[in-house]
Amino acid sequence: MRNTRTLHAPAAFAGAALPLAPALTLALALALAPAHAVAQTDFAAVEIKTHHVSGNVYMLVGAGGNMAVSVGDDGVLLVDDQYAPLTDKIAAAIRTLSDEPIKYVINTHLHGDHTGGNANFAERGAVIVGHENARMRMAAAATSEGALPVLTFSEPVSFHFNGEEISVIPAAAPAHTDGDALVYFRGSNVLHTGDVYVTLSFPVADTANGGKLLGHIDVLNQILELSRTAPGFLSGFGNAPSAYPERPIGALGRPHGRTDTLIVPGHGRLADEADVLYFRNMVAIIRDRVQAWAERGMTLEQILAARPALGWEARYGADTGPRTTRRFIETIYAEVTAGDE
Amino acid sequence: MRRTVLTISAAAFGACGLVGPAVPARAEADLSGFWQRIRHEWEQPEGGPELGDYSLYPLNEEAFSRAYAYDPAIDEVQQQRQCWPHSIGYAMFSLPPLQITQERDRVILRVMANEALRTVWMDGRPHPPAHALHTWYGFSTGEWVGDTLLVTTTHVKEGHVRRNGVPHSDQMRVTEYFTRHGEDLLTMVAVFDDPIYMTEPLVRHMTFRYDPNAVMSEYPCEERELVELGGAQLIPHFLPGENPFIESASVNYFRGE
């Protein structure tokens, strides 16, 4: 039984937008963004690309975190909004999908590459929705009032919007931050994970904002559980993404390896259950290596030299930027040895 | 290292006297029908390779790290994986028969194992963008080079090229050459180019014999409930340097087994 607090949209939030102000603080804008030097981003050159995922849901890709959009008769619901200078381009891309108003923006977490457009979209009438910890930390970082979520949650809530239930589910554990949220479009069977799951790098815990690296394993398990309990799992021919009308199905009608839930990661390409499971396994295996070696008395430098992430370094590792392999291992080491001090 | 080089001249054989359905209008050769694999003496026996037998594969240190850590128990312990198919890195080399169907805008490749079904688009469409989904068999397009069907596949999901833990990444690109030789023979040469796990492209080939009486049997799979094996986060693997089976292939070789 899901524990959800159901709020019927759109009427429930009509007129809920608060007075508005400029964009996020530089600190948040810079926080862990893969495009870590925001000033270096040439926003004029950014193109917002739309990609139909399934049902009502599209994935929007530009600079910053991936966005998901629900379009339909009730209006537009947007998950994350990238950087403030991209708002007009994002809105224009959405206009190619729907002429209905953008009524809600849901933040998967507080970082500026996902929430930078909050104030702009709020000014245009959208209700900003986010985890209460995200709002608290954004407010503490002197984020302008207009950019803060005006509707917060700490337990699952549901929108009934565009003919489907859209569940906004707090992460099962602190992971990327302590205010992470998953957004699950149940009818379309699409799940936006925020930065708890990414396909371009090792996971990162923003420890200054309550993140826990090993919490990623719990939340990735939560994503897998949501995927496996989705209606239609291992059945049916629906939900085929537009690029894959021939999505692999057993020739005799018995599906093999069907992973119906399509997953929009915080950064990177569209994914599904198998991708998340491989990613979860990777994090767990590297955790096991670091923990075993730490228990045998190896120092952090010795463990780094032993390269516990070998096997995935070429795929996910980096030597520069905020998402380095070193930082990934250091964070795991700090957490698995935390009880030793 | 075994390097199989494509040396067969399709033109030398021609496509005269073909058996099977009529040649599709745009095809340069008729590959359609059922094909049974011809096993070669050097091929891996049924049952799969031993752990530690990674010879002939152009693996880099990242791939060896993954292979040495591989514990076959993971495929049983993780319920999700029980019915997942082989990815494209292995699917075409698993249980035949292979059925090829040629339509005007596509070629369908169907393999009995896992009921693998691949569509090769022949209509000139582009491959999906980088942010699109990656699947077990990827996204394939084809073109005729003389009588040879050249298939290019991208957007593959992570998988294995050998059933003893040799991985391929989701960055792998696969190029396949299907050539019919006379009435009865079909060769497939596959080039796996994986910048993440391979030091150079891996080339594999198979030969098939035409078999109009082949039966495409069902290949059912039903997930089994799992027995609790020590915690929800248990991921079977061996720590670096601690895989007790890694020497088994070489030991058995010297024993003559």
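Which residues does A:Val69 touch, not counting residues up to four places away in sequence? Here are some notes on that and a few other features.

1. A word on the source before we start: this is a predicted model, so please read the points below with that in mind.

2. To take up the opening question, the residues that A:Val69 touches are A:Val57, A:Tyr58, A:Leu60, A:Val76, A:Leu78, A:Ile94 and A:Leu97, leaving aside those up to four places away in sequence.

3. A:Val69 and A:Leu78 appear again in the largest nonpolar core, where they are among the residues with the most contacts inside it, along with A:Ala68, A:Tyr104 and A:Val183. The core has 141 residues. Helix H7 of chain A (residues 273–295) supplies the largest share of this core, with 10 residues. Both domain 1 (5–228) and domain 2 (276–340) of chain A contribute at least three residues each. As background, nonpolar side chains tend to be buried together in soluble globular proteins.

4. Over in chain B, you will find 4 helices and 11 strands. A closed barrel of 9 strands follows the order E1-E2-E3-E4-E5-E6-E9-E10-E11, and its pairing is mixed. From one strand to the next, the twist averages 30°.

5. One pair in chain B is worth a look: strand E5 (residues 139–145) and strand E6 (residues 148–154) are antiparallel, with 7 bridges between them. B:Ser140 has B:Thr153, in E6(B), as its bridge partner.

6. Finally, some totals for chain B. Of its 257 residues, 37% are buried. Taking contacts in chain B between residues at least 6 apart in sequence, 64% join residues at least 24 apart.

Definitions and conventions
Residues numbered from 1 in each chain as written. Chains lettered and ligands numbered in written order. Predicted model: local features only at pLDDT ≥ 70, side-chain atom pairs only at ≥ 80, totals over all residues. Core = buried A, V, L, I, M, F, W, Y, C linked by C-beta atoms within 7 Å. Buried ≥ 20, exposed ≤ 12 C-beta atoms within 10 Å, placed from the backbone. Helix = DSSP H or I, 4+ residues; strand = E, 2+ residues; numbered from the N terminus. Domains from an automatic or database assignment. Contact = placed C-beta atoms within 7 Å. Pairing = 2+ DSSP bridges. Axes fitted to C-alpha atoms, helices over the stretch in contact; angles between N-to-C directions.
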